[in-house]
Structure formats: C-alpha cells, structure tokens
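Student: Please give me a close look at a single part of this structure, set in the context of the whole. I should like each term explained with its cut-offs.

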Amino acid sequence: MDNRRLILLLVFSFSLIMLWDAWQRQSLPKLAAVATQTAAAPSASAPAGVVPTPTLAAAGAGAAPTAVPVTATAVLPGAATAKIKTDLYVADISSQGGDITRLELVRHPATEDKSKHFVLFDNGEKHIYLAQSGVIGDGLPNHKTEWKLPVGDQVLKDGEKQLEVRLEASTASGGKVVKTYVFHRGSYQIDVRHEGVTAGAHAYYQITRDGKPAEQQGSSMMMGVTTFTGPAVYTDAEKYQKVEFADILKNKAKFAQKADNGWVAMVQHYFVSAWLPGASTAREFYMRKVGEDLYSAGVILPVGADGKSTVSLYAGPQEQNNLEKIAPGLDLVVDYGWLTVIAAPLFWVLGAIHKLVGNWGWAIIGLTLLLKLAFFPLSAASYKSMAKMRVLTPKLVKLKEAYGDDKQRLNQEMMAMYKREKVNPLGGCLPVLVQIPVFIALYWVLLGTVEMRNAPWLGWITDLSVKDPFYVLPLIMGATMFIQTKLNPTPPDPIQAKVMLFMPIMFTGMFLFFPAGLVLYWTVNNILSIAQQWQITRLVEAGEKK
C-alpha cells in the first residue's frame, strides 16, 4: 500500500508538471511533418512592404509583373479613413491601399475592458494587424496606393442584408480599378473584389501583422502564458501548416506554396483572419518579413478574363461549428495541442450538452456526469480495492510492528497478505490515471475555444476560461479532496500519512490559478467520486463484519 501511495503521488505530480510544461510550450507547436518547400519569397532582408511577385505559370497575359518597393511604415500617418458599421463589425478602411486598418468585433468584449469591443485588426494601438490587397504590376494600384473612399460613414441599415463599400484608384495608363468590400449581415466573411484589372494580371491578398503575442505576458487570463500567434496555410495535399514568425525571419519557413485549393490565415488566441480563395483556382502562398517585427502572409491569384478578382476574408472568432462549414480545414485553427484526439470529442459532447442546457458551466457538469458513468465500472473496481485496503490497515500496522526492522521480510509478508486477500495495492491508481488525459484535454478545450471566453456559470463565475476571482471553487475542490483522503486507507507510515494529508493543500494551491471551468470539472468529479467511494467502502466494511 505504501508503494501505491507513493506511485500515486509521483504520477499525479508528474502529470501536473507535464501540464504546466504544455502551457509553456503551447506557443511553440511543432510543424506538421509534410512534404513542403522552403519559402522562396523574399528573404528577411527584402525591402519592407513590397508587393509580392507571382511565379504562377498563368502570368501570360499583360506585362510581366514586378514588385513595387514602398515605405516601411504599415500605414502612413494622416491617411483618411472610412468608418464601416455593421451588426458584427466596426471597421476602418484607409485611403492608403484601401486596407482594413481597424476591425472591432462588436459581439466580443475586449479582454481588459469588457465595456469595449475586441479589436482584431489594429493600426498601432496595441498591434499592427492589417488586411491588405492590391494588384501586381507597374502602375497598378496596390496596398500603398491612394484610393478614393466613399463619403461619410457606411452603415448596414436595418433590413439590409449586405453593405457594399466601393473604393477607386487610378492606374498609370489612365484607367481605373475598383475595390469593393461586401459586408454581410450575420457573417464574419467579407468579400473583397477588384474590378477593371487587365485579364491575366495578378491580384494579391495578404495579412500583415507584428510578431507580438495576442495576449500579454502576465495577464490574469493567461497566467503569463502565450498561445500560438502566427500565419498558417492549408491545402488539401499538405493539410494544416503553422509557421513561426521566427522561421520567417530566418527564411526557414516551410509551407505549401502552390496549389489550386486552400487558404492562408493569421492565427491568434480565440480569433483568426483568413483569405479564402474560391475552389479550383491556381494560387501561390507566400510569407515574409516586411519590416521591423512585421510580417506578411498572403496569396496571389490570377485575375479572371472578366478583369475581376474576388476573395472572401474571414475575420472573427474561432467558432468551430462555423469554421468547418466555411472552408475545409479552417476549424483546425483551434489549437488543442497534442491531445486533440481527446479534446475534439470532448468539445463536441460539451457543445451537444450546451445546446440542451444553454450554459457552459452546466454543460461541464453534464460532461463530468457522463464521464463518471463511462468509467463507473473501472472506478468501482478501484474503490473496492481501496476499501479492502482500508480493512487491511490494522493488519498492515501489525506487520510493520513485527518486521519494521527488516524491510525485505516486511515487503514479503505484505505481498503475501495482498495475494491471500486478493487485493491489488495499485488498483486505486487507475481512476487517477484515466482522468489525467481527460483533465489535460479539457484544459486545452477551455484554453483554446472561443465559446468558453467570457462564458458565465453562476454568480461570481463570469468567465469559465479564467481563474475563479474569489478562489471559492478551488477551496471547495480542496475540501472534497480532503474528504477523499479521509475515505482512503491511512498509510501505516506516519510520514506518508502526513504527505497524504498535505496533498489537498498542495493541489488547492495549484488549482487557485486554473481556469474556473477546469476546477468545476474536478470538483464535481470529486463529489461524485466521494459518493461512489463512500457507498462501496460502506458495503465492503459491512461485509467484513458479517
């Protein structure tokens, strides 16, 4: 039994260390092992802000495309902006390049001040994060060209399904290119269309962002941990490929560059922006450093015979159910870490329960009940073994008194007694071992799913994805763990007995900073375990008295 307790402590402690390590390494995910090409786009020393140069074979018509060097500044100060207001967005479109330079998500509060909107695209308040597009070629308008904006604020009015915002720019030959943004009611997809371009030319669509993490180190929500922030490419052949900013800087970024399908995205905690070209169109993906701590990831597309190029821009939350309907693989931007195989089904079940109860906190409790039922036979066998160990405690004490000075003889007598009484001293470890991957996977679900962001439960729990602000749940969890300890057989060794009594205090300290949803899961699981263990212990002890 002594060994069992020690192993239990070591296994659980090691698992928590692994969990903490996973936190720290979350922002450094490994690249998928795919057959990719090293990015051949301009190196780290490329001029800042240059327009990409396509290498697609389709570049046959028109003049050979060239790169256009421009200033290193993302958006020139003093550029005019047009304000766009829809049911989901408040956006700024700059006259410089016709870029979206600011995008507020009106249905998602800011992390620090929940009275404000969450800002995804940002022109320097906290980040540089822009959606840019243009046409490649000498004299053609790009993301540094001055575009003519519509007059006044553009508002999606009640009853309207979409809002079109039309921008114009002149070409060197005296022509005109029109860029149109189409905002749709109830949708985080924005159509971006270029018209008036020479057939056979190329248009590009890119996201430019600084390399700063989305969440600041030391914030209460992240406990000083940053999640993955960076570009990603998806193709049917190479699947989902995340790229570190550091690899772009070193010109070592690996991703699929050419395909007739797929998309390019900029991923950050809870939110994503992605250019989503239509199917069966040749495209070329690129990533590169364009300034000091500034990176661009984009896609180059040939302009159609009608002189038009249209691409959908998704800019919004990582809502899995919606993302998987928008484009193949787009739901993969939700990062569950190395336990995706468990976390993804967990979230699916959570979502199904949430549809019934309408609250993520109650959904977590429902999930805990289902998991408890699923592992009920295993837990019952374990608790039965522990109850028998509890009955054998007086006999173990006598053995220790008799052979305490002879460890080898003591172990031999203990093993003989276990065999004679048909007790497995390691049986009590099984429930804990089974729960460890579920515990870690649920943590990833709480950390990575935007649905949990600001999801309330009861009273003081207003956000299940962050720690309990008053530490009530961790203290309740500690109390339930203490009760479980008292239900377990007392180790005959006084030191180990003290260690076991200290464990609830140690775990309470750890759980103080865990997401409230995770503590809720563990607390409910403890309560159910106490009820099950108490009943089994009572039956076993009653049987021994007969």
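Tutor: What follows begins with the whole chain, turns to one strand and its partners, and closes with two contrasting residues.

The model is predicted: local features need pLDDT of at least 70, side-chain atom pairs count only at pLDDT 80 or more, and totals for chains, interfaces and linings use all residues. Residues are numbered from 1 along each chain as its sequence is written, and side-chain values use heavy atoms, with hydrogens and water left out.

The protein has 11 helices and 20 strands; these are DSSP runs numbered from the N terminus, helices (H or I) having at least four residues and strands (E) at least two. Of its 546 residues, 54% are buried, where buried means under 20% relative accessible area, exposed over 50%, and partly exposed in between, with a 1.4 Å probe and protein chains only.

The part chosen is strand E20, residues 309-317. Because 8 of its 9 residues are buried, E20 is largely enclosed by the rest of the structure. Strand E10 (residues 189-195) runs antiparallel to E20 and is joined to it by 6 bridges; two strands pair if DSSP finds at least two bridges between them. In this pairing, Arg193 stands opposite Thr310 of E20. Strand E17 (residues 271-276) is likewise antiparallel to E20, with 6 bridges, and here Phe271 faces Pro317 of E20. In a regular strand, side chains alternate between the two faces of the sheet.

Another strand, E11 (residues 202-210), contains Asp210. Asp210 is buried, as its relative accessible area is 4%. Its side chain makes a polar contact with the side chain of Arg209 at 3.1 Å and reaches the backbone nitrogen of Lys212 at 3.2 Å. A polar contact is a pair of N or O atoms within 3.5 Å; within protein, one must be able to donate a hydrogen and the other to accept it, and residues adjacent in sequence count only if both atoms are side-chain atoms. Leaving aside residues up to four places away in sequence, Asp210 touches several others, including Lys126, Phe245 and Tyr295; contact means heavy atoms within 4.5 Å.

Leu356, in helix H4 (residues 340-357), provides the contrast to Asp210: Leu356 is exposed, with a relative accessible area of 75%.
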